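Biologist: Hey, got a minute to walk me through this one? I'd like to start with charges and rings, so tell me what the term means before anything else.

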Amino acid sequence: MATISKLSTPTPTFFSLSSSFNSRSSSPHLPKVSVDFRNTGGFGSKLSSSSLSLRSNRSSGVSLVVRSSVSGNGSPTKKTTLHDLYEKEGQSPWYDNLCRPVTDLLPLIASGVRGVTSNPAIFQKAISSSNAYNDQFRELVQSGKDIESAYWELVIRDIQDACKLFEPIYDQTDGGDGYVSVEVSPTLADDTQGTIEAAKWLHKVVDRPNVYIKIPATAPCIPSIKEVIAQGISVNVTVSSLTSHSSLNYMNHSVIGHLFYQPSDKHLIFSLARYEAVIDAYLDGLEASGLSDLSRVTSVASFFVSRVDTMIDKMLEKIGTPEALDLRGKAAVAQAALAYQLYQKKFSGPRWEALVKKGAKKQRVLWASTSVKNPAYPDTLYVAPLVGPDTVSTMPDQALQAFIDHGIVSRTIDSNVSEAEGIYSALEKLGIDWSHVGSQLELEGVDAFKKSFDSLLDTLQEKANSLKLVSP
(Lines give C-alpha, C1' and ligand atoms only; values in the text may rest on other atoms or scores of the structure.)
Protein backbone atom coordinates (compact mmCIF):
# COMPACT_ATOMS: atom_id res chain seq x y z
CA MET A 1 0.00 0.00 0.00
CA ALA A 2 1.06 3.58 -0.37
CA THR A 3 3.44 5.19 2.06
CA ILE A 4 2.62 8.19 4.19
CA SER A 5 5.93 9.63 5.26
CA LYS A 6 4.66 12.61 7.23
CA LEU A 7 2.93 10.74 10.05
CA SER A 8 5.11 12.26 12.71
CA THR A 9 2.78 12.66 15.66
CA PRO A 10 -0.33 10.48 15.57
CA THR A 11 -2.38 9.98 18.69
CA PRO A 12 -4.54 6.84 18.56
CA THR A 13 -6.59 7.97 21.53
CA PHE A 14 -9.78 6.34 20.30
CA PHE A 15 -8.39 3.19 18.78
CA SER A 16 -7.13 0.04 20.35
CA LEU A 17 -5.13 -2.11 17.99
CA SER A 18 -5.99 -5.27 19.85
CA SER A 19 -9.71 -4.47 19.84
CA SER A 20 -9.88 -4.54 16.06
CA PHE A 21 -9.05 -8.22 16.09
CA ASN A 22 -11.40 -9.20 18.88
CA SER A 23 -14.61 -7.63 17.61
CA ARG A 24 -17.79 -9.52 16.99
CA SER A 25 -17.26 -10.26 13.29
CA SER A 26 -14.12 -12.34 13.20
CA SER A 27 -12.30 -12.75 9.92
CA PRO A 28 -9.97 -15.63 9.08
CA HIS A 29 -8.34 -13.57 6.34
CA LEU A 30 -6.50 -11.02 8.44
CA PRO A 31 -2.83 -11.77 9.14
CA LYS A 32 -1.61 -11.83 12.69
CA VAL A 33 -0.30 -8.46 13.76
CA SER A 34 2.14 -7.77 16.56
CA VAL A 35 2.39 -4.42 18.26
CA ASP A 36 5.75 -3.34 19.61
CA PHE A 37 6.36 -0.15 21.59
CA ARG A 38 10.04 0.59 21.73
CA ASN A 39 11.04 3.33 24.19
CA THR A 40 14.51 4.45 23.29
CA GLY A 41 14.96 6.92 26.08
CA GLY A 42 14.35 4.77 29.13
CA PHE A 43 12.02 5.48 32.02
CA GLY A 44 14.08 8.39 33.23
CA SER A 45 13.74 10.40 30.07
CA LYS A 46 11.61 13.53 30.25
CA LEU A 47 10.83 13.30 26.54
CA SER A 48 11.55 10.20 24.56
CA SER A 49 10.82 8.81 21.14
CA SER A 50 8.61 5.80 20.80
CA SER A 51 7.67 3.99 17.63
CA LEU A 52 4.72 1.77 17.02
CA SER A 53 5.74 -0.97 14.61
CA LEU A 54 3.18 -3.06 12.77
CA ARG A 55 4.49 -6.40 11.61
CA SER A 56 2.36 -8.84 9.70
CA ASN A 57 2.99 -12.33 8.45
CA ARG A 58 2.54 -11.02 4.91
CA SER A 59 4.99 -8.72 3.27
CA SER A 60 3.52 -5.59 1.74
CA GLY A 61 6.76 -4.40 0.22
CA VAL A 62 6.43 -1.21 2.27
CA SER A 63 7.60 -0.55 5.81
CA LEU A 64 4.99 1.48 7.65
CA VAL A 65 5.86 2.87 11.06
CA VAL A 66 3.83 5.33 13.07
CA ARG A 67 6.07 7.52 15.22
CA SER A 68 4.80 9.61 18.09
CA SER A 69 6.40 11.85 20.64
CA VAL A 70 5.59 10.74 24.17
CA SER A 71 6.27 12.14 27.58
CA GLY A 72 7.87 10.24 30.41
CA ASN A 73 4.53 8.77 31.48
CA GLY A 74 3.91 7.41 28.02
CA SER A 75 1.13 9.85 27.12
CA PRO A 76 1.01 11.17 23.54
CA THR A 77 1.89 14.85 23.37
CA LYS A 78 0.42 15.84 20.04
CA LYS A 79 -2.40 14.92 17.69
CA THR A 80 -2.36 15.05 13.91
CA THR A 81 -4.37 17.53 11.91
CA LEU A 82 -6.69 14.64 11.03
CA HIS A 83 -7.70 14.27 14.67
CA ASP A 84 -8.26 18.02 14.86
CA LEU A 85 -10.30 17.92 11.67
CA TYR A 86 -12.79 15.56 13.26
CA GLU A 87 -12.72 16.74 16.87
CA LYS A 88 -12.73 20.49 16.24
CA GLU A 89 -14.69 20.86 12.99
CA GLY A 90 -16.77 17.70 12.72
CA GLN A 91 -15.31 16.54 9.39
CA SER A 92 -14.32 12.90 9.00
CA PRO A 93 -11.06 12.23 7.11
CA TRP A 94 -11.22 9.05 5.04
CA TYR A 95 -8.60 7.34 2.90
CA ASP A 96 -9.21 6.85 -0.81
CA ASN A 97 -7.26 3.65 -1.43
CA LEU A 98 -7.40 -0.03 -0.57
CA CYS A 99 -5.18 -3.00 -1.31
CA ARG A 100 -3.56 -5.95 0.41
CA PRO A 101 -2.43 -6.33 3.08
CA VAL A 102 -5.21 -4.31 4.64
CA THR A 103 -3.22 -4.10 7.87
CA ASP A 104 -1.30 -1.31 6.13
CA LEU A 105 -4.32 0.77 7.10
CA LEU A 106 -3.52 0.53 10.79
CA PRO A 107 -0.99 3.39 10.92
CA LEU A 108 -3.45 5.55 9.01
CA ILE A 109 -6.21 4.75 11.47
CA ALA A 110 -3.84 5.68 14.29
CA SER A 111 -3.15 8.97 12.54
CA GLY A 112 -6.85 9.87 12.43
CA VAL A 113 -8.29 8.25 9.29
CA ARG A 114 -11.89 7.22 10.00
CA GLY A 115 -13.01 5.36 6.87
CA VAL A 116 -12.01 4.05 3.44
CA THR A 117 -13.37 4.45 -0.06
CA SER A 118 -12.68 2.23 -3.06
CA ASN A 119 -13.71 2.04 -6.70
CA PRO A 120 -13.00 -0.16 -9.73
CA ALA A 121 -9.95 1.92 -10.67
CA ILE A 122 -8.43 1.41 -7.21
CA PHE A 123 -8.97 -2.34 -7.35
CA GLN A 124 -7.67 -2.46 -10.91
CA LYS A 125 -4.41 -0.95 -9.75
CA ALA A 126 -4.23 -3.04 -6.59
CA ILE A 127 -4.90 -6.43 -8.14
CA SER A 128 -2.97 -5.94 -11.38
CA SER A 129 0.17 -4.59 -9.69
CA SER A 130 0.44 -6.98 -6.76
CA ASN A 131 1.10 -10.67 -6.18
CA ALA A 132 -0.81 -10.54 -2.89
CA TYR A 133 -3.95 -11.77 -4.64
CA ASN A 134 -2.39 -14.71 -6.49
CA ASP A 135 -3.01 -17.46 -3.94
CA GLN A 136 -6.68 -16.69 -3.47
CA PHE A 137 -7.16 -16.14 -7.19
CA ARG A 138 -5.56 -19.49 -7.99
CA GLU A 139 -7.82 -21.26 -5.50
CA LEU A 140 -10.92 -19.56 -6.89
CA VAL A 141 -10.22 -20.40 -10.52
CA GLN A 142 -9.19 -23.96 -9.71
CA SER A 143 -12.47 -24.38 -7.84
CA GLY A 144 -14.35 -23.50 -11.03
CA LYS A 145 -15.06 -19.79 -10.55
CA ASP A 146 -15.22 -17.71 -13.71
CA ILE A 147 -13.02 -14.62 -13.96
CA GLU A 148 -15.64 -12.06 -12.94
CA SER A 149 -16.88 -14.14 -10.01
CA ALA A 150 -13.27 -14.53 -8.88
CA TYR A 151 -12.82 -10.75 -9.07
CA TRP A 152 -15.73 -10.15 -6.74
CA GLU A 153 -14.40 -12.73 -4.28
CA LEU A 154 -11.08 -10.87 -4.17
CA VAL A 155 -12.81 -7.54 -3.64
CA ILE A 156 -15.22 -8.83 -1.01
CA ARG A 157 -12.38 -10.22 1.11
CA ASP A 158 -10.58 -6.86 1.07
CA ILE A 159 -13.77 -5.02 1.99
CA GLN A 160 -14.59 -7.43 4.81
CA ASP A 161 -11.10 -7.19 6.27
CA ALA A 162 -11.08 -3.39 6.03
CA CYS A 163 -14.52 -3.24 7.68
CA LYS A 164 -13.12 -5.26 10.56
CA LEU A 165 -10.34 -2.73 11.13
CA PHE A 166 -12.77 0.19 11.16
CA GLU A 167 -15.43 -1.54 13.21
CA PRO A 168 -14.22 -0.05 16.54
CA ILE A 169 -14.78 3.45 15.12
CA TYR A 170 -18.20 2.41 13.83
CA ASP A 171 -19.13 1.08 17.27
CA GLN A 172 -17.76 4.04 19.21
CA THR A 173 -19.67 6.53 17.03
CA ASP A 174 -22.89 4.49 17.09
CA GLY A 175 -22.78 3.97 13.35
CA GLY A 176 -21.81 7.53 12.56
CA ASP A 177 -18.39 6.74 11.09
CA GLY A 178 -15.92 3.94 10.34
CA TYR A 179 -17.31 2.94 6.93
CA VAL A 180 -15.71 1.11 4.01
CA SER A 181 -17.21 1.66 0.54
CA VAL A 182 -17.51 -0.85 -2.29
CA GLU A 183 -19.07 -0.03 -5.66
CA VAL A 184 -21.59 -2.01 -7.66
CA SER A 185 -20.45 -2.97 -11.15
CA PRO A 186 -20.02 0.16 -13.29
CA THR A 187 -21.72 -1.69 -16.14
CA LEU A 188 -25.02 -1.17 -14.30
CA ALA A 189 -24.99 2.64 -14.34
CA ASP A 190 -27.99 2.72 -16.69
CA ASP A 191 -29.81 -0.24 -15.15
CA THR A 192 -32.19 0.66 -12.33
CA GLN A 193 -33.25 -2.84 -11.29
CA GLY A 194 -29.83 -4.36 -11.96
CA THR A 195 -28.27 -1.81 -9.60
CA ILE A 196 -30.83 -2.63 -6.90
CA GLU A 197 -30.13 -6.35 -7.14
CA ALA A 198 -26.35 -5.84 -7.21
CA ALA A 199 -26.49 -3.61 -4.14
CA LYS A 200 -28.59 -6.12 -2.22
CA TRP A 201 -26.23 -8.93 -3.21
CA LEU A 202 -23.09 -7.03 -2.22
CA HIS A 203 -24.60 -6.01 1.10
CA LYS A 204 -25.53 -9.61 1.84
CA VAL A 205 -22.21 -11.22 0.92
CA VAL A 206 -20.01 -8.58 2.58
CA ASP A 207 -22.18 -8.95 5.69
CA ARG A 208 -20.62 -6.15 7.72
CA PRO A 209 -22.60 -3.39 9.47
CA ASN A 210 -20.12 -0.69 8.40
CA VAL A 211 -20.07 -1.31 4.65
CA TYR A 212 -21.30 1.36 2.25
CA ILE A 213 -22.60 0.20 -1.11
CA LYS A 214 -21.62 2.75 -3.75
CA ILE A 215 -24.24 3.62 -6.35
CA PRO A 216 -23.72 6.23 -9.10
CA ALA A 217 -26.12 9.18 -9.18
CA THR A 218 -27.06 8.64 -12.82
CA ALA A 219 -30.70 9.34 -13.68
CA PRO A 220 -31.59 5.61 -13.92
CA CYS A 221 -30.00 4.97 -10.50
CA ILE A 222 -31.89 7.66 -8.57
CA PRO A 223 -34.82 5.24 -8.06
CA SER A 224 -32.27 2.53 -7.17
CA ILE A 225 -30.95 4.67 -4.32
CA LYS A 226 -34.44 5.08 -2.86
CA GLU A 227 -35.17 1.36 -3.04
CA VAL A 228 -31.84 0.28 -1.57
CA ILE A 229 -32.18 2.73 1.33
CA ALA A 230 -35.73 1.47 1.89
CA GLN A 231 -34.27 -2.03 2.18
CA GLY A 232 -32.18 -0.83 5.13
CA ILE A 233 -28.89 -0.77 3.20
CA SER A 234 -26.47 2.13 3.75
CA VAL A 235 -25.32 3.83 0.55
CA ASN A 236 -22.47 5.97 -0.75
CA VAL A 237 -23.95 7.88 -3.69
CA THR A 238 -21.33 9.05 -6.21
CA VAL A 239 -22.26 12.38 -7.77
CA SER A 240 -19.79 13.30 -10.51
CA SER A 241 -20.92 16.93 -10.40
CA LEU A 242 -23.88 18.99 -9.30
CA THR A 243 -25.02 19.36 -12.88
CA SER A 244 -27.00 17.11 -15.16
CA HIS A 245 -28.63 17.01 -18.55
CA SER A 246 -31.73 15.48 -16.92
CA SER A 247 -31.98 18.00 -14.09
CA LEU A 248 -35.44 19.19 -15.14
CA ASN A 249 -36.89 15.91 -13.96
CA TYR A 250 -35.97 16.72 -10.38
CA MET A 251 -36.24 20.50 -10.17
CA ASN A 252 -37.69 22.08 -7.05
CA HIS A 253 -38.03 25.84 -7.49
CA SER A 254 -39.25 26.53 -3.97
CA VAL A 255 -36.10 25.13 -2.33
CA ILE A 256 -33.26 25.86 -4.70
CA GLY A 257 -34.50 29.04 -6.30
CA HIS A 258 -34.93 30.87 -3.00
CA LEU A 259 -31.72 29.47 -1.59
CA PHE A 260 -29.24 31.48 -3.64
CA TYR A 261 -30.89 33.66 -6.27
CA GLN A 262 -34.34 34.69 -7.31
CA PRO A 263 -36.45 31.93 -8.93
CA SER A 264 -35.90 33.55 -12.32
CA ASP A 265 -32.26 32.43 -12.26
CA LYS A 266 -33.02 29.08 -13.83
CA HIS A 267 -29.42 28.02 -14.54
CA LEU A 268 -28.52 27.59 -10.90
CA ILE A 269 -31.80 25.81 -10.26
CA PHE A 270 -31.02 23.33 -12.99
CA SER A 271 -27.44 22.76 -11.93
CA LEU A 272 -28.22 21.76 -8.35
CA ALA A 273 -31.22 19.63 -9.19
CA ARG A 274 -29.42 16.28 -9.46
CA TYR A 275 -27.98 16.65 -5.99
CA GLU A 276 -31.42 17.49 -4.65
CA ALA A 277 -32.70 14.34 -6.35
CA VAL A 278 -30.06 12.34 -4.47
CA ILE A 279 -31.12 13.85 -1.14
CA ASP A 280 -34.79 13.22 -1.90
CA ALA A 281 -34.04 9.62 -2.85
CA TYR A 282 -32.44 9.17 0.56
CA LEU A 283 -35.35 10.81 2.38
CA ASP A 284 -37.90 8.88 0.31
CA GLY A 285 -36.09 5.64 1.08
CA LEU A 286 -36.06 6.32 4.81
CA GLU A 287 -39.76 7.12 4.75
CA ALA A 288 -40.55 3.99 2.74
CA SER A 289 -38.44 1.64 4.85
CA GLY A 290 -41.04 0.91 7.49
CA LEU A 291 -38.30 0.68 10.11
CA SER A 292 -39.08 2.05 13.55
CA ASP A 293 -35.38 2.72 14.16
CA LEU A 294 -33.57 4.41 11.27
CA SER A 295 -30.27 4.96 13.07
CA ARG A 296 -28.40 2.16 11.25
CA VAL A 297 -29.35 3.30 7.75
CA THR A 298 -26.94 6.02 6.71
CA SER A 299 -25.57 7.58 3.55
CA VAL A 300 -23.04 9.97 2.05
CA ALA A 301 -23.23 11.88 -1.22
CA SER A 302 -19.80 11.92 -2.88
CA PHE A 303 -18.71 14.78 -5.12
CA PHE A 304 -15.65 14.49 -7.37
CA VAL A 305 -14.11 17.89 -6.79
CA SER A 306 -10.86 18.27 -8.74
CA ARG A 307 -12.40 16.88 -11.92
CA VAL A 308 -14.65 19.93 -12.12
CA ASP A 309 -11.67 22.28 -12.28
CA THR A 310 -9.82 20.02 -14.71
CA MET A 311 -12.65 20.33 -17.21
CA ILE A 312 -13.62 23.96 -16.62
CA ASP A 313 -10.00 25.17 -16.60
CA LYS A 314 -9.62 23.88 -20.15
CA MET A 315 -12.69 25.84 -21.19
CA LEU A 316 -11.39 28.99 -19.51
CA GLU A 317 -8.01 28.66 -21.20
CA LYS A 318 -9.76 28.33 -24.53
CA ILE A 319 -11.66 31.57 -23.84
CA GLY A 320 -8.34 33.13 -22.93
CA THR A 321 -9.45 36.51 -21.58
CA PRO A 322 -7.89 37.84 -18.34
CA GLU A 323 -11.23 37.45 -16.59
CA ALA A 324 -11.50 33.82 -17.71
CA LEU A 325 -7.93 32.94 -16.77
CA ASP A 326 -8.42 34.48 -13.33
CA LEU A 327 -11.24 32.03 -12.63
CA ARG A 328 -9.08 28.93 -13.12
CA GLY A 329 -8.99 26.64 -10.10
CA LYS A 330 -12.04 28.27 -8.49
CA ALA A 331 -15.06 26.50 -9.99
CA ALA A 332 -14.91 23.26 -8.00
CA VAL A 333 -14.69 24.82 -4.55
CA ALA A 334 -17.39 27.39 -5.39
CA GLN A 335 -19.73 24.66 -6.58
CA ALA A 336 -19.04 22.61 -3.45
CA ALA A 337 -19.89 25.58 -1.23
CA LEU A 338 -23.27 25.90 -2.95
CA ALA A 339 -23.91 22.19 -2.53
CA TYR A 340 -23.29 22.50 1.19
CA GLN A 341 -25.87 25.29 1.39
CA LEU A 342 -28.44 23.03 -0.24
CA TYR A 343 -27.47 20.24 2.15
CA GLN A 344 -28.14 22.47 5.14
CA LYS A 345 -31.47 23.58 3.71
CA LYS A 346 -32.74 20.09 2.91
CA PHE A 347 -31.78 18.54 6.23
CA SER A 348 -33.95 20.89 8.25
CA GLY A 349 -37.64 21.58 8.58
CA PRO A 350 -40.68 19.43 9.40
CA ARG A 351 -40.00 16.58 6.99
CA TRP A 352 -36.50 16.01 8.30
CA GLU A 353 -37.48 16.50 11.93
CA ALA A 354 -40.08 13.74 11.59
CA LEU A 355 -37.35 11.36 10.44
CA VAL A 356 -34.99 12.46 13.20
CA LYS A 357 -37.58 11.32 15.74
CA LYS A 358 -37.11 7.81 14.32
CA GLY A 359 -33.32 8.00 14.63
CA ALA A 360 -32.43 9.13 11.10
CA LYS A 361 -28.97 10.50 10.41
CA LYS A 362 -28.17 13.15 7.82
CA GLN A 363 -26.80 12.10 4.45
CA ARG A 364 -23.37 13.69 4.79
CA VAL A 365 -21.60 15.41 1.94
CA LEU A 366 -18.35 13.68 0.97
CA TRP A 367 -15.61 15.45 -0.99
CA ALA A 368 -13.84 13.01 -3.31
CA SER A 369 -11.17 13.42 -5.98
CA THR A 370 -9.32 15.75 -3.62
CA SER A 371 -5.82 15.35 -5.06
CA VAL A 372 -4.57 18.31 -7.09
CA LYS A 373 -4.18 17.58 -10.80
CA ASN A 374 -2.54 20.92 -11.66
CA PRO A 375 0.89 21.22 -9.97
CA ALA A 376 0.54 25.02 -10.02
CA TYR A 377 -2.23 24.79 -7.42
CA PRO A 378 -1.72 24.40 -3.65
CA ASP A 379 -1.60 20.72 -2.73
CA THR A 380 -4.42 21.14 -0.19
CA LEU A 381 -6.68 23.11 -2.56
CA TYR A 382 -9.49 20.57 -2.46
CA VAL A 383 -9.26 19.81 1.26
CA ALA A 384 -8.60 23.04 3.18
CA PRO A 385 -11.45 25.16 1.66
CA LEU A 386 -14.03 22.38 2.14
CA VAL A 387 -13.91 21.90 5.90
CA GLY A 388 -17.27 21.87 7.64
CA PRO A 389 -19.37 19.89 10.12
CA ASP A 390 -21.18 16.70 9.13
CA THR A 391 -18.96 16.25 6.06
CA VAL A 392 -16.36 13.74 4.92
CA SER A 393 -13.14 14.34 3.00
CA THR A 394 -11.75 11.23 1.36
CA MET A 395 -8.12 11.74 0.42
CA PRO A 396 -5.68 9.71 -1.67
CA ASP A 397 -2.03 9.55 -0.66
CA GLN A 398 -0.95 12.93 -2.05
CA ALA A 399 -3.72 14.96 -0.45
CA LEU A 400 -3.62 13.06 2.83
CA GLN A 401 0.12 13.49 3.27
CA ALA A 402 -0.07 17.19 2.36
CA PHE A 403 -2.84 17.91 4.83
CA ILE A 404 -1.15 16.01 7.67
CA ASP A 405 2.04 17.93 6.97
CA HIS A 406 0.78 21.51 6.64
CA GLY A 407 -3.01 21.56 6.54
CA ILE A 408 -4.84 24.20 8.55
CA VAL A 409 -7.95 23.11 10.42
CA SER A 410 -10.64 25.77 10.21
CA ARG A 411 -14.29 25.85 9.14
CA THR A 412 -14.16 27.11 5.58
CA ILE A 413 -16.97 25.49 3.59
CA ASP A 414 -19.45 28.29 4.29
CA SER A 415 -17.07 31.11 5.20
CA ASN A 416 -17.79 33.08 2.01
CA VAL A 417 -20.90 31.85 0.25
CA SER A 418 -21.40 35.17 -1.56
CA GLU A 419 -18.01 34.76 -3.22
CA ALA A 420 -18.95 31.25 -4.33
CA GLU A 421 -22.18 32.57 -5.84
CA GLY A 422 -20.21 35.26 -7.65
CA ILE A 423 -17.75 32.76 -9.13
CA TYR A 424 -20.57 30.49 -10.24
CA SER A 425 -22.37 33.38 -11.90
CA ALA A 426 -19.20 34.75 -13.52
CA LEU A 427 -18.49 31.39 -15.09
CA GLU A 428 -21.99 31.28 -16.56
CA LYS A 429 -21.56 34.78 -18.02
CA LEU A 430 -18.41 33.58 -19.76
CA GLY A 431 -20.46 30.87 -21.46
CA ILE A 432 -19.64 27.93 -19.19
CA ASP A 433 -22.63 25.62 -19.42
CA TRP A 434 -22.83 23.88 -16.05
CA SER A 435 -25.34 21.36 -17.38
CA HIS A 436 -22.90 20.35 -20.10
CA VAL A 437 -20.05 20.12 -17.59
CA GLY A 438 -22.11 17.88 -15.33
CA SER A 439 -23.23 15.63 -18.16
CA GLN A 440 -19.68 15.22 -19.43
CA LEU A 441 -18.26 14.52 -15.99
CA GLU A 442 -20.92 11.93 -15.35
CA LEU A 443 -20.32 10.20 -18.67
CA GLU A 444 -16.55 10.33 -18.28
CA GLY A 445 -16.69 9.06 -14.70
CA VAL A 446 -18.87 6.07 -15.53
CA ASP A 447 -16.85 5.34 -18.65
CA ALA A 448 -13.54 5.48 -16.75
CA PHE A 449 -14.76 2.99 -14.16
CA LYS A 450 -16.12 0.71 -16.88
CA LYS A 451 -12.74 0.74 -18.60
CA SER A 452 -10.95 0.01 -15.33
CA PHE A 453 -13.36 -2.85 -14.66
CA ASP A 454 -12.90 -4.32 -18.14
CA SER A 455 -9.12 -3.87 -17.96
CA LEU A 456 -9.00 -5.66 -14.64
CA LEU A 457 -10.99 -8.61 -15.95
CA ASP A 458 -8.58 -8.80 -18.90
CA THR A 459 -5.64 -8.71 -16.50
CA LEU A 460 -7.12 -11.51 -14.41
CA GLN A 461 -7.73 -13.56 -17.54
CA GLU A 462 -4.09 -13.12 -18.53
CA LYS A 463 -2.99 -14.02 -15.01
CA ALA A 464 -5.10 -17.16 -15.10
CA ASN A 465 -3.52 -18.10 -18.40
CA SER A 466 0.00 -17.44 -17.15
CA LEU A 467 -0.65 -19.54 -14.06
CA LYS A 468 -2.02 -22.22 -16.43
CA LEU A 469 -5.30 -22.20 -14.56
CA VAL A 470 -7.46 -22.08 -17.69
CA SER A 471 -7.00 -22.91 -21.32
CA PRO A 472 -5.74 -20.00 -23.45
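Modeller: Sure. A charge sits over a ring if NZ of Lys or CZ of Arg is within 6 Å of the ring centre and within 35 degrees of the ring normal. Keep in mind that this is a predicted model.

Biologist: OK, so which ring does the charged end of R307 sit over?

Modeller: That would be F304, with the charged end of R307 4.1 Å from the centre of the ring.

Biologist: And what about R114, how far is its charged end from the ring centre of Y86?

Modeller: The charged end of R114 sits over the Y86 ring, at 3.5 Å from the centre.

Biologist: Let's move to rings with rings. How many aromatic pairs are there?

Modeller: The count is 14 aromatic pairs. One of them is Y179 with Y212, which is stacked: the centres are 4.1 Å apart and the planes make an angle of 15°.

Biologist: Why does that pair tie together parts that are apart in sequence?

Modeller: Y179 is in the loop between α5 (147-172) and β6 (180-183), while Y212 is in strand β7 (residues 211-216), so the pair joins parts that are 33 residues apart in sequence.

Biologist: Is Y179 buried or exposed? And Y212, buried or exposed?

Modeller: Y179 is buried, because its relative accessible area is 0% and buried means under 20%. Y212 has 1%, so Y212 is buried too.

Biologist: What kind of pair do Y343 and F347 form?

Modeller: A tilted one, with 5.4 Å centre to centre and 50° between the planes. Both Y343 and F347 are buried. Ring pairs also link these two with Y282, Y340 and W352 into a cluster.

Biologist: New topic: cysteines. How many disulfides does the count come to?

Modeller: Zero disulfides. A disulfide here would be a pair of cysteine sulfur atoms within 2.5 Å.

Biologist: And is C163 buried or exposed? Same question for C221, buried or exposed?

Modeller: C163 counts as buried because its relative accessibility is 0%. C221 is also at 0%, so C221 counts as buried.

Biologist: Now zoom out for me. How many helices and strands are in the protein chain?

Modeller: The chain has 16 helices and 11 strands. It has 472 residues, and 56% of them count as buried.

Biologist: What about the accessible surface?

Modeller: It comes to about 19200 Å², and carbon and sulfur atoms account for 49% of that.

Biologist: Last one: what share of the contacts between residues at least 6 apart in sequence join residues at least 24 apart?

Modeller: In this protein chain, 75% of those contacts do.

Notes: Residues are numbered from 1 along each chain as its sequence is written. This is a predicted model: local features need pLDDT of at least 70, side-chain atom pairs count only at pLDDT 80 or more; totals for chains, interfaces and linings use all residues. Side-chain values use heavy atoms; hydrogens and water are left out. Buried means under 20% relative accessible area, exposed over 50%, partly exposed in between (1.4 Å probe, protein chains only). Helices (H or I, at least four residues) and strands (E, at least two) are DSSP runs, numbered from the N terminus. Contact means heavy atoms within 4.5 Å. Accessible areas come from the Shrake-Rupley method with a 1.4 Å probe; for residues, only the protein chains shown count as cover. Rings of Phe, Tyr and Trp (its six-membered ring) pair if their centres lie within 6.5 Å; planes under 30 degrees apart count as stacked, over 60 as edge-to-face and the rest as tilted.
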